[in-house]
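Open the model in your viewer and keep the selection panel at hand. The tour visits a pair of helices and then a sheet.

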Amino acid sequence: MATKRTIEVELSTSGLDREGRPQRVPIVTSGGAAVALEAPPSLEPDLGGEHMLINIGPQHPATHGVLRLVLELDGETVVRCIPHVGYLHCGFEKIGEYRQYNQIIPWTDREDYLNCIGNNIAFSLGAERLFGIEITPRCTVLRVMAMELSRIASHLVWMGTTGIDIGAYTPFLWSFQERENIYNLLEGWFGARLTTSGSRVGGMAADIPDKWLEGLNGFLYSFPKTLDECDRMLTRNAIWVGRTIGLGVMGPEEALNYGLSGPMVRASGVAYDVRRDFPYLDYETYDFEVPVGNQGDVYDRYLVRMEEMRQSVRILEQAVKRLPDGPVNVDDPRVILPPKHKATSEMESMIHHFKNVMEGPRPPIGETYVAVEAPKGEKGYYFVSDGTSKPARWRIRPPSFVNLSAIPKMVEGHLLSDVIAINASIDIVMGEIDR
Amino acid sequence: MVHTFSLLLQVADSQLPPTTGVFVIASIIKMLVMFTLVMVTVAYTTFAERRISAWIQDRHGPNRVGPWGLFQVLADGVKNFMKEETYPADAHKVLFMLAPALAFVPAMLTWAVIPFASPLPTPWGRIDMVVADLPVGFLFTLAISSLGVYGLTLAGWSSNNKYALLGGLRASAQMVSYEIAMGMSTVCVLLLAGNVHLSEIITQQVTMGWNVLLLSVAFFLFIIAAFAETNRVPFDLPESESELVAGYHTEYSAMKFSMFPISEYANMITAGAMLSTLFLGGWDIPFTTWDNLPPFTVLKTLLTFGFFAAKVVFWLFFFIWIRWTLPRFRYDQLMSLGWKLMLPIALAYVALIATVVVVLDKAGIVRGHMFGLILFGINIVSVAALFFWLDRGRMVSPAYSRLNRAGVDQLRAVAPRRSTLKGPGA
């Protein structure tokens with residue numbers, strides 16, 4: 001009996017498969033050229049067919065950036081899936097070693113570009129821990145607001161694109177309208193819509209403008225309605241349910257073993273939320289719930305994210321009520337610039353300004369890791385300081401990257417259409433994965 | 001010459017069929033008019049699709065070219081003609097060029113047999129408002145619309161592109177499967193009419209009532225099959241732009257590409273016309289028999305045409321509305337829906353209707369209003385039974401707004417178990 005013709009590939013072994021044989025991982029050569037060594041022994045009757053190697057990405061409407069999935073298909077069933085990353089590698093972490101702390105903040109915009117302000121704030125939190133700075137109460141609440149707005153914006157993009165991937169186009173535009181509202185708010189606050197670069201070590205780039213809270217209240221009034229509409233379009237739609245239930249199932253142990261975090265691990269039934277379990281800012285004082293799924297499939301991830309948006313609205317409502325007056329930036333001359341009018345009129349302030357800008361703030365020698373609950377999961381920043389104004393090392397723990405690592409496991413045996421749905425459910429941003 | 005021509009056009013009784021010469025000339029005129037009409041409708045359906053989708057999605061849609069953006073279709077047409085034609089390196093040239101035509105022609109051909117208005121009286125005789133009043137009109141429609149699949153499959157195969165190939169494969173499997181369910185669902189209509197002549201089917205609906213009320217199950221099955229036949233959401237798997245880039249027409253450009261959307265929209269119009277003819281009484285004006293009885297007048301022709309057009313436009317809107325509301329099926333779901341659900345239901349329904357028709361005929365009930373009323377009663381019962389069986393607490397229940405564990409678990413319980421598909425070595 002003829003064995004199935006497999007796809008020939010350059011070989012590199014890595015690990016063992018389930019039966020303990022060395023697993024052959026194909027690396028498709030840069031020319032996209034094909035192909036394999038020997039077929040895995042098949043117990044099924046050979047129908048004389050061939051497997052097809054198909055590229056999903058790096059240029060494909062459904063890969064959410066430049067992810068490339070090389071799929072080996074038997075008919076439309078996925079036999080193997082090899083994700084390729086790196087098409088968007090920019091070297092943020094290395095560049096960071098040549099930048100002062102505040103100068104790195106714009107780079108954090110560009111990793112998870114759907115959660116810019118969240119990254120800015122997470123970075124600032126890490127730097128502040130390194131400096132030993134305690135931020136002001138007003139700044140704390142403002143940061144919570146910014147992070148939750150950012151979480152909603154990111155989840156909205158996820159909802160819209162997942163809808164498109166599964167064929168429902170309309171929720172995409174509805175969700176993007178609300179996202180526009182969020183970006184209008186961010187623009188009013190930081191002057192930029194997407195790449196906000198909104199936070200600084202020890203505070204924020206700016207306080208919220210007048211009447212900004214009215215705008216936020218307007219959003220908090222309109223957004224749940226839009227969310228309900230999208231809910232009505234999808235949640236109990238027979239086709240939607242049929243397309244998402246039982247797909248890409250990850251059990252709780254598996255999810256933990258793969259190091260998944262965020263909605264991915266919560267959908268699998270593990271109630272892990274950094275905001276609740278390792279509180280930062282003042283999340284421990286907010287009243288919110290951590291939604292948890294019980295099946296770990298695409299539908300559970302959908303439900304979990306939908307509920308997270310509602311919980312974010314709850315947190316925002318509480319934050320608006322408790323927002324205290326007072327300064328936004330800490331009163332710490334090491335990191336904060338003097339007021340501009342003083343810098344232009346007083347010699348001491350001018351020197352202070354000059355030193356802070358040209359040399360930059362210098363944290364003590366040490367290292368720190370700070371993790372926040374980003375929309376996509378646990379986002380961590382690791383810093384090593386050698387006492388200079390630039391970090392000796394700066395590393396990111398991108399949730400998308402870790403979550404994506406589970407995709408070959410999740411799509412195996414599913415159909416081609418399911419690959420798209422599962423990929424959408426991971427909610428990846430390639431900027432963060434490739435860094 | 002002049003003499004022959006005047007012989008051809010000799011004045012006749014306006015209520016009687018015309019002579020052969022007049023028939024030929026009238027047919028040519030009808031062909032030209034219908035072709036133009038369908039093409040213009042196709043163009044403006046694309047425009048309507050964009051405007052309606054914009055309306056559904058809180059956008060503006062194309063509104064710049066001409067008043068209310070009405071000339072957008074002309075701009076698009078010009079653009080499509082001006083664009084560069086591209087040919088993939090290893091494509092099968094002949095089939096690659098032939099495929100768009102193969103998709104386009106059947107979509108237009110079907111229109112030949114659809115009656116679109118009551119007969120028009122002219123000085124040269126009564127002209128039937130159908131291009132070709134074939135006695136086997138309905139069978140012709142089924143036969144021709146099945147041919148459309150060749151265009152899609154060959155387009156997918158000849159492109160030498162994996163996405164296109166998958167799209168073509170999906171198209172062939174899908175259209176072949178749903179052709180059967182579609183045929184079965186219409187057998188009920190034929191049982192009632194006792195004829196495959198489309199004009200006769202309209203007459204039957206005039207006497208008994210519209211089939212949508214008498215044969216609702218067949219009607220629903222036909223709608224679903226029509227969506228699948230036209231490759232519209234939720235059955236747009238051959239295209240499925242999020243999975244297969246653009247499916248079977250990934251490699252096409254310019255006018256060759258444009259032929260596929262044109263054939264899709266032409267198919268939509270045909271499906272709308274078939275739905276109207278088979279189930280909504282064709283050009284019949286409801287609640288009156290004035291339009292169906294001689295003497296035929298020009299006014300009657302115009303009014304009935306208006307009603308027919310309104311019905312078709314309604315179906316076009318319905319197609320568009322569904323497209324921007326629902327997600328897409330998966331391939332295995334599509335197949336199981338077609339073969340495991342629709343086909344058995346259609347067969348059972350044919351058996352039911354056949355039994356009812358035989359029993360009623362034996363009981364000596366004339367095929368008229370009484371006959372229709374009894375069928376209507378049976379129809380209500382069967383629709384209710386089918387609906388509650390299909391629903392099982394899923395669709396009727398109000399839409400959920402919150403993550404509710406009990407509700408979700410209930411959903412999971414009724415969701416179909418997917419077959420465990422395993423690749424070799426798994």
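Begin with two helices of chain A in this predicted model: select α4 (residues 137-166) and α16 (residues 416-426). Their axes come within 9 Å and cross at roughly 175 degrees. Angles over 145 degrees count as roughly antiparallel, so α4(A) is roughly antiparallel to α16(A).

Next, show the side chains where the two helices meet. On α4(A), pick A:T161, A:T162, A:D165 and A:I166. On α16(A), the residues they meet are A:I420, A:A421, A:A424 and A:S425. Colour this contact of α4(A) with α16(A) by class, and you should find 4 nonpolar, 3 polar and 1 charged residues.

Now move to the sheet. Select β8, β9 and β10 of chain A: these 3 strands form an open sheet in that order, with antiparallel pairing. Which strands are at the edges? They are β8 (366-374) and β10 (391-397) of chain A, each of which pairs on one side only. On average, neighbouring strands of this sheet are turned by 15 degrees against each other, direction ignored.

Zoom in on β8(A) and strand β9 (residues 377-385) of chain A, which run antiparallel and are joined by 9 bridges. For one position to label, take A:V372, which stands opposite A:K379 in β9(A).

For the last stop, add helix α3 (residues 116-131) of chain A to the view. Helix α3 of chain A lies across β8 and β9 of chain A and runs at about 150 degrees to β8(A).

Notes
Residues numbered from 1 in each chain as written. Chains lettered and ligands numbered in written order. Predicted model: local features only at pLDDT ≥ 70, side-chain atom pairs only at ≥ 80, totals over all residues. Axes fitted to C-alpha atoms, helices over the stretch in contact; angles between N-to-C directions. Helix = DSSP H or I, 4+ residues; strand = E, 2+ residues; numbered from the N terminus. Parallel < 35°, antiparallel > 145°, perpendicular 65-115°, else oblique. Contact = placed C-beta atoms within 7 Å. Nonpolar A, V, L, I, M, F, W, Y, C, P; charged D, E, K, R; others polar. Pairing = 2+ DSSP bridges.
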